[in-house]
Every structure is written in structure tokens, then in C-alpha cells.
Amino acid sequence: MSDKEQEIISLKHVAMKSYDDNTVRGAIEALTMYGKEAINPINDIIEAPSMSESMKKYGLNAIQRIKIFNPFKP
């Protein structure tokens, strides 16, 4: 597993285990830097039963930004 893949997994776990919106927001923002590779992990985060509605909306917004700003980046 590459360093990039490990970092993505680590950020996903940080967000999913946290109950602090700022921590979750920070992890989602860090994930967006990975472009389309971050879409599935962000989706996993926002689908977690413990995730607040505001963080679900934040995650969906992040996914939209990835799709808009990185449409051709793998």
C-alpha cells in the first residue's frame, strides 16, 4: 500500500471516529486534496450513522467541489 493510500485511510478513520465537527471538517478538507480518490472515503464518512447532518452536508459539498474542480483528474 502506498503512502498516499495509507494517508487517505488514516484521514477517513480520524473523521469516522471523531465526534468533533472541526476534526471531521479538517479530515474532509485534507481528503479533498487527493481529488477523485477521496470521493469514496468521504462518502464512507458521511454515511456513518454517528455523523451529524451538518457534516453530511459538508461532505457532500466537498464531493461536489472535487467533481467540479478535478473533472478529468483520475
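**Exercises: Arg65, Thr32 and helix α3**

Arginine 65 is partly exposed, and its relative accessible area is 27%. Keep in mind that you're working with a predicted model.

**Exercise 1.** Work out which label fits threonine 32: buried or exposed?

*Solution.* Start with the number: threonine 32 has a relative accessible area of 11%. Now bring in the cut-off: buried means under 20%. So threonine 32 counts as buried. Try arginine 65 the same way: its 27% falls in between the cut-offs of 20% and 50%, so partly exposed is the right label.

**Exercise 2.** Find the helices that hold arginine 65 and threonine 32, then list what each residue touches, skipping neighbours within four places in sequence.

*Solution.* First, place them: arginine 65 sits in helix α4, and threonine 32 belongs to helix α2. Next, go through the contacts. Arginine 65 touches Glu29, Thr32, Tyr58 and Asn70. Threonine 32 touches Ala38, Ile42, Ala62, Arg65 and Ile66. See how each one turns up in the other's list?

**Exercise 3.** Which residues of helix α3 are buried, and why do they line one face of the helix?

*Solution.* Helix α3 covers residues 39-46, and its buried residues are Ile39, Pro41, Ile42, Ile45 and Ile46. Look down the axis of α3: these buried residues fall within an arc of 165°, so they line one face. Finally, check what they pack against: α1 (3-17), α2 (21-32) and α4 (53-69).

**Exercise 4.** How far is the C-alpha atom of arginine 65 from that of glycine 35?

*Solution.* Along the chain, the two residues are 30 residues apart. In space, their C-alpha atoms are separated by 9.2 Å.

Conventions. Residues are numbered from 1 along each chain as its sequence is written. This is a predicted model: local features need pLDDT of at least 70, side-chain atom pairs count only at pLDDT 80 or more; totals for chains, interfaces and linings use all residues. Side-chain values use heavy atoms; hydrogens and water are left out. Buried means under 20% relative accessible area, exposed over 50%, partly exposed in between (1.4 Å probe, protein chains only). Helices (H or I, at least four residues) and strands (E, at least two) are DSSP runs, numbered from the N terminus. The arc is that of the directions from the helix axis to the C-beta atoms. Contact means heavy atoms within 4.5 Å.
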